[in-house]
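Biologist: Happy to sit down with you over this one. Could you walk me through the ligand site and the cysteines?

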Amino acid sequence: MHQERDGREKVWAALDRPWDLIVIGGGIMGAGVLREAARCGLRVLLVEQNDFASGTSSRSSKLVHGGLRYLKTGQWQLTLESVRERERLLREGAGLIEPLGFVLPVYKRQRPPGWMLRAGLYAYDLMSGRLQHRALDTSELMFTAPHIRETGLQGGLLYPDAQTDDARLTLRVIQEALAASPQSAALNYARAEILRENGRVCGVRLQDRVSGRQAEARASVVISASGVWADKLRGQLGAAPRLRPLRGSHLVFPFHRVPVAQAVSLFHPRDRRPVFVFPWEGVVILGTTDLDHAEGLEREPAISTGEARYLMEALQHQFPALGVRLEHAIASYCGVRPVIAGGQADPSKESREFALWEEEGLLTLTGGKLTTFRVTAQQVLRKAARRLPALEALSDAAPILDPLPAAAPDARLSPEMWRRLRGRYGARAAQLLAEAQAGDLEPVGDSVYRWAELRWAAAHESVVHLQDLLLRRTRIGLVLRDGGLPLLPQVRAQCQPVLGWSDARWQEEEAAYRELWQRCYRVPQA
Ligand code: FAD
């Protein structure tokens, strides 16, 4: 997504154009649908009620993975597809999707036993066509995951998966779709309601969440990729709800508190659910929970004290020597999974497959995984192909992410940083660097982010609120202590002129960010 400051205005002014396809939802699924349809030459409008990726797609565990645990519940197809997509994303998205090793410690008399884990890993390897896992003896395991509980330790297993920045993946897919299709558009902070004519869905009524104005847009096909909100839109057609919203929460620690070089998979001592702790963007994330989310979907979700305690129990049980406590965490975040209600008593037993429904011409896709967004997007579009014949051109061979031209590393950056920027900003990384002023390549606090990224996003990436900049264009709100609040004067000096905000507007935005961070991203008291 590349939009200058007046970009939203231009899209609003052109909403009455004839569109082939309207996509409701600017998470990874909506982005994938936009990308694949735009590639077929369609005029696509994507609308998002909040910020791009502000739903579940910035709140996942950020793993691009096959999902070893889904084998246990017999979800073979989901695992197979995910392993294949992981391999492709790793090949095509260097710097954005990166390998991450997973360590599974094995203890005497543990449930599930070591042989069962190994059998699962053989199946996993079979799916990727390579023998990738290997056994670790106790000393190798201690080297990989120092401070791990030693009593009863027999060794472990190491296997490769991958991780990403989920919000930046979504943004890159939107950005590349719009670059490939100047006739398509993406609009954030625009809430859609379903528009019907003669009993068929024919478009959307939009409300601008910034100015309050309203407009209508019409298309041959409307696809709802609205994630956990899908039942709300379906409700406008009188359809009965089918989703079971399940909350998953995470805690974020400074690296020195939980120094793990790779992901470590733990079985929770209370219920044997798998919990992961893994390094990400210079910090370490611990997650996740899997609970019915009864709080409604209007407000952002927040971790409960009970969830924080549950996660800490797993960490302290597995790493007793670290002496890590809840007050060492610097942030929390959670997302709500759009899981199809299957009537299971235990939320973790519900299927994670995606669902596709057609009601009065409205196609709804929900559920599924970040990892498999491309496959899911293509499946929903194939359903629409009889109404939009251009979609016959959908190709499984087309790249998921645009191949980037070879470019010499910028002498001001380490090769790792250059790779990271190219992964995150795609073809626009060179421009980002060209615009960097003196000092812009310095890190923001002790994070991996550079000031140039903030300035770039403020100028070119449809930032409407300060939280867009700090929680999704960059993830400063997650990786810096107190959500980066102490650095706000510097952020203001760099970004306020680029955003064109008055002093009063900046103060409002700062107050709103402070309130949001306290409510949804801080660490609850023990
Ligand atoms: P969303 O990202 O929620 O997007 C839907 C969008 O629709 C929202 O932004 C919403 O604001 C918008 N919307 C809703 N109604 C309207 C309306 N009326 N008008 C306009 N816009 C509207 N998957 C993995 O592959 N790996 C993982 O490690 C992983 N971990 C996870 C951990 C947790 C805790 C959770 C909750 C999920 C995890 N997932 C993971 C799953 C993955 O994150 C989701 O499947 C994926 O992000 C869903 O994307 P989406 O686009 O369907 O939904």
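Modeller: Gladly! A backbone N or O atom of Q49 is 3.0 Å from a nitrogen atom of the ligand. This is a predicted model, where local features need pLDDT of at least 70, side-chain atom pairs count only at pLDDT 80 or more, and totals for chains, interfaces and linings use all residues. Residues are numbered from 1 along each chain as its sequence is written, and side-chain values use heavy atoms, with hydrogens and water left out.

Biologist: What makes the pair at Q49 a polar contact?

Modeller: A polar contact is a pair of N or O atoms within 3.5 Å, and the Q49 pair lies at 3.0 Å, so it qualifies. A backbone N or O atom of L63 is likewise 2.7 Å from a ligand nitrogen.

Biologist: How much of the ligand's accessible area does the protein cover?

Modeller: Of the 1000 Å² that the ligand has on its own, 96% is covered, by the Shrake-Rupley method with a 1.4 Å probe.

Biologist: How do you know that the structure holds zero disulfides?

Modeller: A disulfide is a pair of cysteine sulfur atoms within 2.5 Å, and the structure holds zero of these. For C334, the nearest cysteine sulfur belongs to C520 and is 7.3 Å away, so C334 is in no disulfide.

Biologist: And why is C334 called buried?

Modeller: Buried means under 20% relative accessible area (exposed is over 50%, partly exposed in between; 1.4 Å probe, protein chains only). C334 has 1%, so it counts as buried. C40 is buried too, because its relative accessibility is 14%.

Notes:
A polar contact is a pair of N or O atoms within 3.5 Å; within protein, one must be able to donate a hydrogen and the other to accept it, and residues adjacent in sequence count only if both atoms are side-chain atoms.
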